[in-house]
Amino acid sequence: MQPGPITFGNVQFGQSQNKTLTVFNTGNKTLALTNPQISGVNVADFSVVTSFPLNVNSPTPITLQCAPTGSTPGTRTAILSFDTNDPLNSSVGYTLICNAVAQPAPGFGSTPAAPGPIDFGTVVVGVAQNAAIAVQESGTATLTVNNAV
């Protein structure tokens, strides 16, 4: 079994990300894995997808999942533990980490900033004068402007 945290990276709210932990048997008897538990501050954000108990003779994958709850972005952590029949490692634990991020959302920006004013300069009565508005995407997704009037 490899030590160290299991990191899921950035996971958007409303989405999930799977990660695989591969367990190896280094002994001369079938390795039994039982009683998987997730504990810690953000237990609701993580789950074990693979069914237990497991008998390990060759490299065996265990699929884990992070699906952030709530709406506040930030790091989510928990501990995955399970029991083994290895006399030197009767219980094994791993730190689970994922970073919950908001779903991309468009944002409207303009120059000049809304609601204006828009400076047309000096305009002679009866003569048309143009002025420009620059529209920018200020969010994290594509901005679509419809029906500009």
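The accessible surface of the protein chain in this predicted model comes to about 9500 Å². Carbon and sulfur atoms account for 53% of that surface. Of the 149 residues of the protein chain, 23% count as buried. The C-alpha trace spans about 95 × 25 × 20 Å along its principal axes. The radius of gyration of the protein chain is 27 Å, whereas a compact globule of 149 residues would have a value near 15 Å.

The secondary structure of the protein chain consists of 10 strands and zero helices. Read along the sequence, the pattern is accordingly β-β-β-β-β-β-β-β-β-β. Contacts between residues at least 6 apart in sequence were also examined in the protein chain, and 65% of these join residues at least 24 apart.

Strands of a sheet pair through backbone hydrogen bonds, and the pairing is either parallel or antiparallel. One open sheet in the model is built from three strands in the order 2-6-4, with antiparallel pairing. Strand 2 (17-23) and strand 4 (46-48) each have a single partner strand and stand at the edges, so one side of each is left without a neighbour in the sheet. From one strand to the next, the twist of this sheet averages 25 degrees. Within the sheet, three bridges join strand 4 to strand 6 (residues 60-66) in the antiparallel sense. Val48 has Leu64 of strand 6 as its bridge partner.

Further pairing involves strand 3, which covers residues 31-39. Strand 3 pairs with strand 5 (residues 54-56) in the antiparallel sense, over three bridges. In this pairing, Ala32 has Asn55 of strand 5 as its bridge partner. Strand 3 is also joined to strand 7 (residues 74-84) by five bridges, and these two strands run antiparallel. Here Ser39 stands opposite Ile79 of strand 7.

The loop between strand 3 and strand 4 contains Asp45. The relative accessible area of Asp45 is 3%, and because buried means under 20%, Asp45 is classed as buried. Leaving aside residues up to four places away in sequence, Asp45 touches Gln65, Cys66, Ala67, Pro68, Thr69 and Arg76. Among these contacts, Cys66 belongs to the residue range 60-66 of strand 6, and Arg76 lies in strand 7.

The contact with Arg76 includes an interaction between charged groups. The side chains of Arg76 and Asp45 meet in a salt bridge, with a distance of 3.0 Å from N to O. Arg76 lies in strand 7 and Asp45 in the loop between strand 3 and strand 4, so the pair ties together parts that are 31 residues apart in sequence. The count of salt bridges in the model comes to one. The relative accessibility of Arg76 is 8%, so Arg76 counts as buried. Asp45, at 3%, is buried as well, and both partners of the salt bridge therefore fall under the 20% limit for buried residues.

Key: Residues numbered from 1 in each chain as written. Predicted model: local features only at pLDDT ≥ 70, side-chain atom pairs only at ≥ 80, totals over all residues. Heavy atoms only, no water. Pairing = 2+ DSSP bridges. Helix = DSSP H or I, 4+ residues; strand = E, 2+ residues; numbered from the N terminus. Axes fitted to C-alpha atoms, helices over the stretch in contact; angles between N-to-C directions. Buried < 20%, exposed > 50% of the residue type's maximum accessible area, 1.4 Å probe, protein only. Contact = heavy atoms within 4.5 Å. Salt bridge = Lys/Arg side-chain N within 4 Å of Asp/Glu carboxyl O. Rg over C-alpha atoms; globule rule 2.2 N^0.38 Å. Areas by Shrake-Rupley, 256 points an atom, 1.4 Å probe, with all protein chains shown as cover.
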